[in-house]
Amino acid sequence: MKHRTHLVLLASLVTGTAWGMDVNATSTTFAQAWQQNRTGFSQSNYSPVTEYVAIDATGLGNPAISMHLYGWGLKDLGDPSSVYGKNTGDLTYGYLQYDFGRANAQLKAGRFTVNQGVGNELVDGVSARTDLRWGFAVSAFGGAPVVYKNNGPNQQSNIAYQHDVIFGGRLAWRAGKYGEIGVSALEDGSQPAYDLVPAQPVDYTRRQMGVDLRMMPVAWFDFSGRTVFDIADHPQPAPGVDNSRIAEHDYKATARLSEQASLTGTYVERNLFAYYAGSTLPTLFNQNEQGMFKATGASLTWNPKASLQVVADLRRTERAAYGDATRFGADLRWTFPDSHLLAGAGFHQVDAFSVVAVAPLVPAYSLSHNELRAWVMAQRGTLSASLDGILLHYADGPGNPELNGKSSESALVGSLGYQAKENLKVTGNLTLDDSPVNGRQVLGLVRVDYRFGSAAKGGK
Amino acid sequence: MFRKFALLSVALGLGLMVACAVISPEASFAPTHPQALDPGRPTCSDCHGTDQVKSTRKTFASFNHTPEFVADHKLPANQDPATCAACHAPAFCADCHGGKTAMLPSTKLGDRPDRMMPHRTDYLTLHQIDGKIDPTGCYECHGRANNDKCSACH
């Protein structure tokens, strides 16, 4: 979206709030400061100031109409902290919504997040959804995908051109108390790379179809997940290349074993050619990496009493082009009886494959590592405090050329907050960080939250 | 021309009547939770028991914010957004899910270690390992947006 359009949309939405019967606005200001001495780079001094604004206004002339806006702006007082320069910002979303009052029917227009079936996008356009009789529900959206300028001019031009339009929809059926099944489809871009003149090497368009389901046939069992298919037309692949049409299987099953315990199993399978379709960063998410990623996992959650929760987990991953890894460990979370103190701790170990053939003079190195974390939060009256410590140990620190000969990494984040008024809070964070890439850093942050309106919801 | 227009009008009218007839007559889910909730992760079934969430045909227990639910809430948010919206303002989702972000969610919420924010510590080091083990995990958030910092090196 062009800057001028941004301004018009922003101005109209902000003006619209004046008509609102109930307006909630939150301003969050961050002032940060830190110095960076990365190996091989010159020293940088960063001091960005960032302002976030969130507005939710309901009853805009009609109780059914509401407006929602969220955006931020950043100004660097020191060196530029982003690739966008010293002054940047974004309108994350800004839309008008009409709620019909029955059937969860809803219309949206503006910039909003689409989250329906295979569609998980930011769109400048319109969307609609409603529940139907007999347990059916339908939703649809259309518009232009939000495209960010973060590539070279030629590549950016292709991305913008091929992401000219996006639309999709989902039809679902809710079967009594047993669960829900949905079928969805998405089309992003009208001109595949091979249709362009001249033909382009990278295709940024997508055409996908998905099936999602959630089943709870009995109270103690919950099964959910989705499968995504790539249904786009592709040029004939080279001999010996098998580009699967199944982009993803992602499933999870949870069994409640007792009042205190539950067991969850997960299975993920992703075929990289189909899964990476439409990426705006093909140099990183490369469709030419033939093969598959698979992950199987399990976790056991145990609540011996209401104030204590223990989760033990294990995840085995397989990447065809690299190797296998196993991550296992446990987390615990403890709420102290007076509820003023919340604490947690966890340990995880990752037994991972070795990366080989980095360069002729660099031997293979292991990606195995482990992580220890402990944190505590306290709240007493108008004061709040937190402390969060993380320690990482890399099994092959000296052998890994990306770790600059170091084997460990640590971070300690301390925070103090003061609720000056019901709608005003000031928080200060101090982070001490020692990492192989960035070395020792001290990072300071001051956060000021100011709220207008009643903030009936916010999800704190 | 008139005949085509008349046929189109009749078809649209009939389509609209059918559409209205098949729309559920049930009232929408409450836009706001009627009572303030205690801080922390809610267990919906503590108050609602085995009741069904109106219109979703799922039990309140299926929305309990268990560790598994918090870690993987993609599907419930996808299937039943109205249920999420009763307690969460849209900005709550944008804390993590933004197309272009100014800072890491873990930096923005550095005073909330209880929230499972990704990329705690100076993630620049660990991402080189995580990315080799599972690049598809990165793709979920950085594949089509929020990848300005990735593009600086990759």
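A residue counts as buried here if 20 or more other C-beta atoms lie within 10 Å of its own. Keep that cut-off handy while you click around, and remember that this is a predicted model.

**Stop 1: strand E3 of chain A.** Select residues 48-58 of chain A, which make up strand E3. Eight of its eleven residues are buried, so E3(A) is largely enclosed by the rest of the structure.

Now bring in the strands it pairs with. Strand E1 of chain A, residues 22-36, runs antiparallel to E3(A), and ten bridges join the two. To line them up, pick A:Ala25, which stands opposite A:Ile55 in E3(A). Then add strand E4 of chain A, residues 65-76: eleven bridges tie E4(A) to E3(A), again antiparallel. Here a handy pair is A:Val53 and A:Gly71 of E4(A), which stand opposite each other.

Follow the chain from E3(A) into E4(A) and you cross a hairpin with six residues between the strands. Stop at A:Gly59 and check its backbone, where phi is positive, near 70°.

**Stop 2: A:Leu107.** Jump to strand E6 of chain A, residues 106-116, and select A:Leu107. With 17 other C-beta atoms within 10 Å, A:Leu107 is partly exposed. Which residues does it contact, leaving aside neighbours within four places in sequence? Show A:Gln97, A:Tyr98 and A:Ala128. For a sense of scale, draw a C-alpha to C-alpha distance from A:Leu107 to A:Gly40: they are 67 residues apart in sequence and 52 Å apart in space.

**Stop 3: helix H2 of chain A.** Select residues 153-162 of chain A and colour A:Asn158, A:Ile159 and A:Gln162, the buried residues of this helix. They sit on the same side of H2(A), because they cover an arc of only 100° around the axis. An α-helix has 3.6 residues a turn, so residues three or four places apart point the same way. Spin the view to the face turned away from the buried side, and you'll find the exposed residues A:Pro153 and A:Ser157.

**Stop 4: over to chain B.** The domain assignment splits out domain 1 (41-88) and domain 2 (99-154) of chain B. Their centres, taken over C-alpha atoms, are 26 Å apart.

Finish by showing the contact between the chains, which takes 102 residues from chain A and 71 from chain B. Several elements of chain B each supply at least two residues to its side, including strand E2 (58-59), helix H3 (67-71) and helix H9 (135-142). Helix H8(B) gives the most, with seven residues. Colour that side of chain B by class and you get 29 nonpolar, 27 polar and 15 charged residues.

How values were computed: Residues are numbered from 1 along each chain as its sequence is written. Chains are lettered from A and ligands numbered from 1 in the order in which they are written. This is a predicted model: local features need pLDDT of at least 70, side-chain atom pairs count only at pLDDT 80 or more; totals for chains, interfaces and linings use all residues. Two residues are in contact if their C-beta atoms, placed from the backbone, lie within 7 Å. Helices (H or I, at least four residues) and strands (E, at least two) are DSSP runs, numbered from the N terminus. Ala, Val, Leu, Ile, Met, Phe, Trp, Tyr, Cys and Pro count as nonpolar, Asp, Glu, Lys and Arg as charged, and the others, Gly among them, as polar. A residue is buried if 20 or more other C-beta atoms lie within 10 Å of its own, exposed if 12 or fewer, and partly exposed in between; C-beta atoms are placed from the backbone. The arc is that of the directions from the helix axis to the C-beta atoms. Domain bounds come from an automatic or database domain assignment. Two strands pair if DSSP finds at least two bridges between them.
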